[in-house]
Amino acid sequence: MSLFSEWNSLLLEEYFSPAKAGQDVWIQTTRIELEGIGAHKGGTSGLIAAIKQGPDWINSNENIAAKAKKLVKQRLWPSERPRAYCDPGQLLENYKGRSAPTYLPYIALWVLAKSETDGAGFYSTVSELIGEAFPNNVRNDMEAVWIDLNHWSINTQEGKFGRFTLNVLGVHRYIGMAYAQSMITHKDIEGINRLFGSCRLHSGQNLNDDNFTQLLDEGKRSYYLSSGLKEAMGKPEYRGHLRQLIKGQLEFWDGYVPKPSRSNANVLNDRCEYQSKVSDELAIILKLNVDGDKPFWEIGWRCPANVTGLSYGFKVLAGEEEKAKLEFAGSHIHAVSSVNQNNARHALNQSTSSNVESVLIYKGSDGDCNERKIYLRQDKVRVFVWDTPDPALNDSLIERELPISGLAYLLYSLDTYANLELYLTNENIEYTAIDYDGLPEKWCLICINSTETLTSDQRANILDEEPTAIPKARIRLVGGRPIIGAGTKRYAYYDLPIVELEAPAEAELRADGLTFIELLNGDTGSVRRFKYSLVDGSGYSFKIKALLGDEMLCSAGLQVLIAGGLSISNRLNFSIDNFGKVLTNTAGLLGAIVGSIKPADLDSVIDYFSVDEDALFYNNEVDIWEYMESDISSRFLDSIATTINGSMTFGSARDQIMRLAISLGIDDVQPVFLIRELRRRGYIEIETDVKGHMVRICSVPPTLYSLPIKDANQRQLYGVCGSLRLQQWKELAQAADIRAFAGMESTHNFPVVRIVPFIDSAINAIAKSANFQVVELPAQQISQWLGSVQDMKGTLSWYHEQGFSPNYLERLNPSKGMFSNAVSMAVDSNRKFELFRYEDPQIYGLSVNKLGKNLGDGFSRYSFIQDSRWGVWMAVNAFADFVKSIGVKDASPWPIHYDSTMGCLWLPARMEPPFVIERALTLCAGTGPLILQVKGESDGDSILLSEKGLQIIGRVSRVYAEMDDGKWLCYRWVPKIIASHVASLLGGELKEFLPSAITRQLEDTKCQ
């Protein structure tokens, strides 16, 4: 498939998917939008490259408008289509027989050009972008393309893929067609919500003429809308188009009005301003401590869980790191008991005059710390309600919106809001002073007893905000993964938000196509929380209503990204290819099985290790069934094995793990890392989207597989992988003629299970009776099937970068194996290849990886990398070639240390291999690597590693000088033939490790 057809398919799925049925469609292909939806195809640069190539069945030298019109004719008249014509229905099942457009890249370019026409003309901007002439006498050709898209979406398809309406803005008709698509910017998505609040609109209400006129008048004077939108609001010829846009926004509005900014701090740029103010905001918790003789307040912190870590912490002001935890619902992170109260009181004092810059710290599995800037909002009064969003937050006041009814607690400083109580008294508003210790000096906490008696103006005066309409109820979507694009906020189907409802106790939530389940808070707080599931065939756009009898109290729109765009459909056939990418068949890898490999295909000659069974677990053996019956991982595997299609969405898997943790009394589980550890050992597979983000967790056939290990009696040992039912663990524990033994290792939470058969037929017998598959030496099979780093590099597509400035840009420092902040994506020509990562422009808190190359021609080119581990090894190998050229002779090929006597392969955790290559290593030991905290010491031309700085482990090359302190991985019982092949796959070569005392605990003898 040509790049042009790939981009057409991408744009078709993004803007004209079944998820858009019956909705207005806007093709807002600005530079930011293109980087969001098409990062894996080169973003803006990839689109331009596709247009330069053009459809591979059109070979004329005509301008792009003429080519686009020719595609219109071919779409309308099949007899005009050449043999090479690529109908989208050939590539995408949803469009089979639909005669879908093939010219969308051209329309995307015209919208992009209009969004960047600043002082220059539209036609010259198009010419500059594509590097070829685009004359201004092609207007009729352009119009024919726009008209055809309108006709196809509305008349032919009757809105089944959305309704694209041809609108024209301004006196320049042909340019105005493109301008109509990009009038609303990312910033305006939340700005319009604020405009609704300023005009005192309610969620769920219809847009009448008076409301629309009021919105235009208020919008023209606002400072929170983009200049282009405000200008359009003042022009009568734009009113029809604006009404269509605003009506669609109001239909899905949940009633939330963003708070006005009182400080300019923490704003990265216009496109993410509305996100950063909410998603990076630190809220306050007041937890009542009643353990002593006199109750007192403990101040805590809470923020949205936008990042994923093995552990979390807050650093507020200049204070020390304070340990935090992920809440049960997975939507927030909080800290109370670890918070330094003196520092917290100081931060509160400062927040009355400015935003308080703070940091969210999160640690990865390699032990390295990552940081994200957050802030405590400047405010002179804060609102709290009793709420229990997590079991650890009982007896806690949580900072929230001023409630519609009932109790509200106001925290304020007498220095900045001395007249608050006087105002309440003058307005005859009843309140009670709450007199407990723990707050800063000259701070007060009062309780308004009946907020339902407050008028809109009183609420605004108390909070120093604009008056807004008082709702009868509130619906808020919390957590999940919002995807910003196409002028809307949608949620990925695999990570949906929960619903928070503030309404009378008798109110119910209803939405056609959704089934709600209330989460019990264990208290009588004013906020109720709901999970929900999508009814099959229910569509992708939902209106959630809070109903009291027949009365609708409020509503909120939920748009789910299921088909098209970033999403991946619920596939019955699934596996992983030799680079770790998703396949839509079972020919690839599932656990220890590669569907396309037959045992006879591979050489089975391999060295075995002889190991004493008692030494395998260092006396930490546990009873298999007793442990598995109550283990969170085994229960999770049981639950995923029972699903209809053998898989569950990432969000469902995360929630299931959190529920299991609560039921088992586990307080510190991190679902993402538990899932990754199970994948590492072949118990599950993870389906990712085109950007590498987790989408679905897939079950794996339960499998018994032979290891390159024999016991002291020369009996073959077997490992276990796959998504086992609990009953299968029980049958393994009770089976005759085998010994199944399990042990705990300090670096793994899930026990390691290995099996010794006493007779040759025992493995096949238990496999048959308990429904296991049997695989012989999959470690060797998979190692020979895998793709290499060099092969992976050959699959990449490279593009020039054109004017994109990402947020949170970082560059890999290959000598340290760590990312650090970067100011640009310029590639050092000496290193040739460098790895970058930055925040996904569409999905807040997730990262995108790009490999850059500069081969000395003065130009940097870039390629999207789905799995960052491949990029790390490409960058490290390029760095190795560079340092070898300046005198470090053993840097290239990169030395990978191996103890041939004991079969231990050693790597820093920062250089963990791509997961699919690592699978070959973990299937040698039946478990993941040992993880050791080591410290290095220079010793001539090498580095001595010692565990925790005490006992010498071994000697490694000096190329690891800046990675020697930290976590190292030890993959055990890896035969040399496999270790050597894995090293070559990574672009390195084996070097002797020279082990010392600690590794002698693993000592075993090699046998043939």
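User: What share of the 1008 residues in the protein chain is buried?

Analyst: This is a predicted model in which residues are numbered from 1 along each chain as its sequence is written, and local features need pLDDT of at least 70. Side-chain atom pairs count only at pLDDT 80 or more, totals for chains, interfaces and linings use all residues, and side-chain values use heavy atoms, with hydrogens and water left out. Buried means under 20% relative accessible area, exposed over 50%, and partly exposed in between (1.4 Å probe, protein chains only). Of the 1008 residues in the protein chain, the buried share is 60%.

User: What radius of gyration does the protein chain have?

Analyst: The C-alpha atoms fill a box of roughly 90 × 85 × 60 Å along the principal axes. The radius of gyration is taken over C-alpha atoms, and the globule rule is 2.2 Å times the number of residues to the power 0.38. For 1008 residues a compact globule would have a radius near 30 Å, and the protein chain agrees with this at 30 Å.

User: What percentage of the contacts with a separation of 6 or more is made by residues 24 or more positions apart?

Analyst: Contact means heavy atoms within 4.5 Å. Among contacts in the protein chain with a separation of 6 or more, residues 24 or more positions apart account for 68%.

User: How many strands are there in the protein chain?

Analyst: Helices (H or I, at least four residues) and strands (E, at least two) are DSSP runs, numbered from the N terminus. The protein chain has 28 helices, and its strands number 49.

User: Which helix contributes the largest share of the largest nonpolar core?

Analyst: A nonpolar core is a set of buried Ala, Val, Leu, Ile, Met, Phe, Trp, Tyr and Cys residues joined through side-chain atoms within 4.5 Å. The largest such core has 89 residues, of which Trp-894, Val-916 and Tyr-960 touch the most other members. Its largest share, ten residues, comes from residues 868-885, which form helix α26.

User: Which Trp residues are in contact with Val-916, leaving aside its neighbours within four places in sequence?

Analyst: With those neighbours set aside, the contacts of Val-916 include Ile-576, Phe-579, Leu-589, Ile-782 and Leu-786. The Trp residues in the list are Trp-785 and Trp-870.

User: Which strands stand at the edges of the sheet with the order β46-β45-β44-β47-β43-β42-β48?

Analyst: This is an open sheet of seven strands with mixed pairing, where two strands pair if DSSP finds at least two bridges between them. Each edge strand has a single partner, so one side of each is left without a neighbour in the sheet. The edge strands are β46 (951-957) and β48 (988-992).

User: At about what angle does α26 run to β42?

Analyst: Axes are lines fitted to C-alpha atoms, for helices over the stretch in contact, and angles run from 0 to 180 degrees between N-to-C directions. Strands β42 (residues 894-899) and β43 (residues 904-908) pair in the antiparallel sense over three bridges, and Asp-899 stands opposite Cys-904. Helix α28 (residues 976-985) lies across β42, β43 and β48 at about 135° to β48. Helix α26 lies across β42 and β43, and its angle to β42 is about 110°.

User: Which residue is joined to Ser-892 by a cis peptide bond?

Analyst: The residue is found in the loop between α26 and β42. The bond has an omega of about -5°, and the partner of Ser-892 is Pro-893.

User: Which residue in β40 does Phe-836 stand opposite?

Analyst: Seven of the seven residues of strand β39 (residues 833-839) are buried, so this strand is largely enclosed by the rest of the structure. Phe-836 in β39 is the bridge partner of Arg-811, and β39 pairs with β37 (residues 810-813) in the antiparallel sense over two bridges. Strands β39 and β40 (residues 847-853) are also antiparallel, joined by seven bridges. In β40, Phe-836 stands opposite Lys-850.

User: How many of the nine residues of helix α7 are buried?

Analyst: The buried residues of α7 include Phe-122, Tyr-123, Leu-129 and Ile-130. Helix α7 (residues 122-130) is largely enclosed by the rest of the structure, because the number of its nine residues that are buried is seven.

User: Does Lys-442 count as buried or exposed, and at what relative accessibility?

Analyst: Lys-442 lies in the loop between β11 (431-433) and β12 (443-448). Its phi is near 65°, a positive value in a residue other than glycine. Lys-442 counts as exposed, with a relative accessibility of 54%.
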